[in-house]
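This report describes how two protein chains and two DNA strands are arranged. Please look through the sequence and the structure before reading on.

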Number of protein chains: 2
Amino acid sequence: MSKEMVIDSIQTNISCIDQVINKIIKGDSIDVLKSFEDNCIDVIFADPPYFMQSTDKVLQRADGTGEFRGCDDDWDKYKDYAEYDAFCMSWLRECKRILKKNGSIWVIGSFQNIYRIGYIMQNMGFWILNDIVWSKTNPTPNMSGTRFCNAHETLLWCSKYKNSKFTFNYKTMKTLNGGKQDKSVWTLGICQGSERLKDGNGNKLHSTQKPEDLLSKIILSSTKPNDIILDPFFGTGTTGAIAKKYGRRFVGIERDDNYIAGAEKRIKQQQEHLDMFSNLDFEVKPPRISMSSLISLNKLYIGQELLDKAGNVIGVLTDNGYVNDGEESLSIHKSSAKVLKLSNNNGWNFFYISRDGKLVSINDLRYETAKEKHND
Amino acid sequence: MSKEMVIDSIQTNISCIDQVINKIIKGDSIDVLKSFEDNCIDVIFADPPYFMQSTDKVLQRADGTGEFRGCDDDWDKYKDYAEYDAFCMSWLRECKRILKKNGSIWVIGSFQNIYRIGYIMQNMGFWILNDIVWSKTNPTPNMSGTRFCNAHETLLWCSKYKNSKFTFNYKTMKTLNGGKQDKSVWTLGICQGSERLKDGNGNKLHSTQKPEDLLSKIILSSTKPNDIILDPFFGTGTTGAIAKKYGRRFVGIERDDNYIAGAEKRIKQQQEHLDMFSNLDFEVKPPRISMSSLISLNKLYIGQELLDKAGNVIGVLTDNGYVNDGEESLSIHKSSAKVLKLSNNNGWNFFYISRDGKLVSINDLRYETAKEKHND
DNA sequence: CATTGATATGAATCCTACG
DNA sequence: ACGTAGGATTCATATCAAT
């Protein structure tokens, strides 16, 4: 494997993903994507050209007879949408092919292009998980006072298939959000100040550099440590920098030498910052130990009394790990829900046993048991 | 004209828009839209079915307090995207036809459908002015912790053509927003409490009733007094109620008798609330009077000295209403920009003349002149 | 009457590991 | 791949009862 961070797509065989880990591949996005093997990428972040139709050309009549008057079957007004659609279909098709079956993809856009992107992605079978609104704290104001200030951009987050088992670090995001579940509206500032890369003349190196906080949320919410994150429109490499920061791997595709140079320097300078969030410490799942296995392990015994936290006896343990309350045998979940008059409840947090005269939660019991098994 | 608010589309000739002003037309949206004449509607607000594609099984609340019922109505069911797209193309095509050439249309949706809608509308030649994010202060939480809480809906605001001279009450919205220009992200609560219409059993009459604050922003920002606002999916008539409140006219289309009955009662109870905002008092434009016409009217004379607000002489007036500063003749805007070393500036607010020993703003002069002309 | 607490509910593409 | 059983998951607001 080359020790250089930048690889020229023309000179290198990049069909095997291992050869381009943590590299910037210089070349045309679609061409390079086509060279990748199938099902090799965990998560994609794509920041494609937005197709801002700021020039008059697009919808002006070619003969100069005046303004477009809105005849619905006038083919030339669709021409540029069609070209943009074709471009997006090409790179999105390759993205879908190379994404792992449980992978997910993020695409950022604005009203000029995101409806093209969303429609195409749905038609391709991508499954929208969320559309995320990046609400800007400091948007460019509307100079002409002719409409509402365009103060947001939109991210589409989609899994490869409807039934993909995608990664979502729910508790990590909930913890980062102050204990409340995180929402589809993200309020973040635009990229400016020292974070904004400048060229030799002090001008911004890239016109649409994305803020690091945006990529941080994307990577911390939807990737695991060591995941491979592809960015087919790498630009100045925010994706690569934040992937490195949080212990993920990246692959970037970019054709502009100035952007590549800026990205390479930036990523090399980027410090790793591994912490409880990047390590997914908050995503620990309770040990999968059944009530009946606790009986087998002599942590519980058949006929033992099960109590609530106030010490009231609710029922006795049956041989299959259920609770018999005198009327019927139910799982710990159903039985606790019955007592609480709820439709469902987590029984692990409800029941206690008496041990050495003290109440012990069966939830503690399963964690304790899991720890002992782990130490074996 | 019938004195009844509700009209049955089957029994009535509704081709002339005057006959259905401030009426609810009972019938299928597309059929009724087809019966309308061309170019007769100022603004459309459309809240179509979203095609949510929720699973059949009921969603249990996380706290075990029972089931959650969102929108499981039959009217939201479609076979696939193709069927939904065809439905949207039909009603959107008619909406475009009946909209006036300077009209605009609002369509609300969520990620399940808004990318279908946006793509279709762009292809039809609608011109997106803004996509507005309704950020909900109190969204339904994600009960299962599998993705970000879906905390917003999206509104597409489009003009009929790219070059339509649509209505946008910029200063009204800026004033309502505390003196800052209003943005594309609107933070509003969902419709609940006394505003939410209930049926005889105390259950919500409509599963997706929109908040009045949302319609208020739409109507105050994009309509003029007496404008005709069409809502092809009228439901319980929020559009009609708010149109009446602010002195606009409405036309509603709805097929469900229960919704119609609720809407009719509600709109009859609605009080008018006309104020400076609904009356567009903040939208006054400066009088269109040129410098040379001020010369013709003997308000200014050729060779007259033009001063800044400190009384410094900047230049003298030329015969075409320009300012000669000794170097060159420039428009009042260019000339003032030159003094201020700006790329552009509003000269009306910069220059003064001396009259009876006092400085008089040329801006005051044009307002004074406009008033005199008006009194003729 | 004011405050506190219990209960109800909203456009939702809402589980997953194991056999 | 598919069925099944175990089991993990919620926030802001309105209303109404209780203190």
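In H3(B), the buried residues are Ile114(B), Tyr115(B), Arg116(B), Ile117(B), Gly118(B), Tyr119(B), Met121(B) and Gln122(B). A residue is called buried if 20 or more other C-beta atoms, placed from the backbone, lie within 10 Å of its own, exposed if 12 or fewer do, and partly exposed in between. With eight of its 11 residues buried, H3(B) is largely enclosed by the rest of the structure. Helices (H or I, at least four residues) and strands (E, at least two) are DSSP runs, numbered from the N terminus. Just after H3(B), Gly125(B) has a positive phi of about 95°.

This is a predicted model, in which local features need pLDDT of at least 70 and side-chain atom pairs count only at pLDDT 80 or more, while totals for chains, interfaces and linings use all residues. Residues are numbered from 1 along each chain as its sequence is written, and chains are lettered from A and ligands numbered from 1 in the order in which they are written.

**The two chains**

The contact between the chains involves 45 residues of chain A and 43 residues of chain B. Helix H3 (114–124) and strand E7 (127–136) of chain B each supply at least two residues of the side of chain B that touches chain A. Two residues are in contact if their C-beta atoms, placed from the backbone, lie within 7 Å.

How are the two copies related? A rotation of 179° with a shift of 0.1 Å along its axis superposes chain B on chain A, with an RMSD of 0.5 Å. The two copies are therefore related as by a two-fold rotation axis. The superposition is by least squares on the C-alpha atoms of residues with pLDDT of at least 70 in both copies. Among the residues of chain B, Tyr115(B) comes closest to the rotation axis, with its C-alpha at 2.2 Å. Because 77% of the interface residues of chain B are also interface residues in chain A, the copies meet through the same surface.

**Surfaces by residue class**

In the table, Ala, Val, Leu, Ile, Met, Phe, Trp, Tyr, Cys and Pro count as nonpolar, Asp, Glu, Lys and Arg as charged, and the others, Gly among them, as polar.

| Surface | Nonpolar | Polar | Charged |
|---|---|---|---|
| Side of chain B that touches chain A | 18 residues | 18 residues | seven residues |
| Near DNA strand C | 12 residues | 15 residues | seven residues |
| Near DNA strand D | five residues | 15 residues | five residues |

A residue is near a molecule or strand if its C-beta atom, placed from the backbone, lies within 6 Å of it. DNA strand C is surrounded by 34 residues, of which Tyr50(B), Gly70(B), Met143(B), Ser144(B) and Thr208(B) are the closest. Around DNA strand D there are 25 residues, and the closest are Gln181(A), Ala62(B), Asp63(B), Gly145(B) and Gly193(B).

**The core and strand E6 of chain A**

A nonpolar core is a set of buried Ala, Val, Leu, Ile, Met, Phe, Trp, Tyr and Cys residues joined through C-beta atoms within 7 Å. The largest one has 133 residues, of which Ile44(A), Trp106(A), Ile44(B) and Trp106(B) touch the most other members. Helix H2 (residues 81–98) of chain B gives the largest share of this core, six residues. Not counting residues up to four places away in sequence, Trp106(A) touches Ile44(A), Phe45(A), Ala46(A), Leu155(A), Trp157(A) and Ile218(A).

Two of these contacts, Leu155(A) and Trp157(A), lie on one side of E6(A) together with Glu153(A) and Ser159(A); His152(A), Thr154(A), Leu156(A) and Cys158(A) are on the other, and both faces are covered. In strand E6 (residues 152–159) of chain A, eight of the eight residues are buried.

Two strands pair if DSSP finds at least two bridges between them. Strand E4 (residues 99–109) of chain A runs antiparallel to E6(A) and is joined to it by six bridges; there, Ile105(A) has Cys158(A) as its bridge partner. Strand E5 (residues 127–136) of chain A is also antiparallel to E6(A), with eight bridges, and Trp127(A) is the bridge partner of Ser159(A).

**A loop residue of chain A**

Asn345(A) lies in the loop between helix H9 (332–340) and strand E14 (352–355) of chain A. Asn345(A) counts as buried because it has 20 C-beta neighbours inside 10 Å. Its contacts, not counting residues up to four places away in sequence, are His333(A), Ser336(A), Ala337(A), Leu340(A), Phe350(A) and Gly64(B). His333(A) is 12 residues from Asn345(A) along the chain, and their C-alpha atoms are separated by 5.4 Å.
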